[in-house]
Amino acid sequence: LGVPAFASALLLPCCSAATPTEPTKPSARSLRSLSKTELVWLLQLLASLVRHAGEALLPHLEVVTAIADAAATHDEIAVAQAAYKLRRRTIQCLLGTYPLDLRS
């Protein structure tokens, strides 16, 4: 998946150094200062990527959740809506099933 690339494009690097006993949580990170249209575009691309990821999303779930959490509190309504779409697609991906072959 391309989740690490989206994470580096959307999230600021961690400010505090992580210690072995207290690693830095991705949920404590904030969004980069990008324009509204750039944020919405990147969030929509990530939501499309997540849509059919299936179990491949599991190793990246914490980062995707951190991105959605950080974007959901954004001042622009379009960015928050894109964050909710990402969250919805993540839940659908993890709970939904897709038949791969409909032929009998």
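Helix α3 is twelve residues long and spans 16 Å from its first C-alpha to its last, close to the 16 Å expected at 1.5 Å a residue. That figure, like everything else here, comes from a predicted model. Quite a few α3 residues are tucked away from the surface: Val64, Ala66, Ile67, Ala68, Ala70, Ala71 and Ala72 are buried. As for what hides them, the cover includes α1, α2 and α4.

Zooming out, the protein chain has four helices and zero strands, so the pattern read along the sequence is simply α-α-α-α. Of its 104 residues, 31% count as buried. The accessible surface adds up to about 6,800 Å², and carbon and sulfur atoms own 58% of that. The chain also brings together residues that sit far apart in sequence: among contacts between residues at least 6 apart, 65% join residues at least 24 apart.

What holds the middle of this picture is the largest nonpolar core, with 26 residues. Within this core, Leu10, Leu31, Leu43, Leu46, Ile67 and Leu86 touch the most other members. Helices α1 (3-10), α2 (36-51), α3 (61-72) and α4 each chip in at least two residues. The largest share, seven residues, comes from α2.

Leu86 is a handy residue to follow through the core. Leaving out residues up to four places away in sequence, leucine 86 touches Leu43, Leu46, Ala47, Val50, Val64, Ile67 and Ala68. Three of those names, Val64, Ile67 and Ala68, have already come up as buried residues of α3.

Next to the core story comes lysine 85, which is found in helix α4. Is lysine 85 buried or exposed? Neither label fits: its relative accessible area is 27%, and because buried means under 20% and exposed over 50%, this lysine counts as partly exposed. Lysine 85 also pairs up with α3 in terms of distance, as its C-alpha lies 8.8 Å from that of alanine 68, although the two are 17 residues apart in sequence.

Helix α4, which covers residues 77-95, also holds isoleucine 91. With 47% relative accessibility, isoleucine 91 falls between the 20% and 50% cut-offs and therefore counts as partly exposed too. Isoleucine 91 belongs to a nonpolar patch on the surface, together with Leu58, Leu94 and Leu95. Between them, these four residues have about 410 Å² of accessible area.

Notes:
Residues numbered from 1 in each chain as written. Predicted model: local features only at pLDDT ≥ 70, side-chain atom pairs only at ≥ 80, totals over all residues. Heavy atoms only, no water. Patch = residues over 30% accessible without salt bridge, like charges linked within 9 Å, V, L, I, M, F, W, Y side chains within 5 Å. Areas by Shrake-Rupley, 256 points an atom, 1.4 Å probe, with all protein chains shown as cover. Salt bridge = Lys/Arg side-chain N within 4 Å of Asp/Glu carboxyl O. Buried < 20%, exposed > 50% of the residue type's maximum accessible area, 1.4 Å probe, protein only. Core = buried A, V, L, I, M, F, W, Y, C linked by side-chain atoms within 4.5 Å. Contact = heavy atoms within 4.5 Å. Expected span 1.5 Å × (residues − 1).
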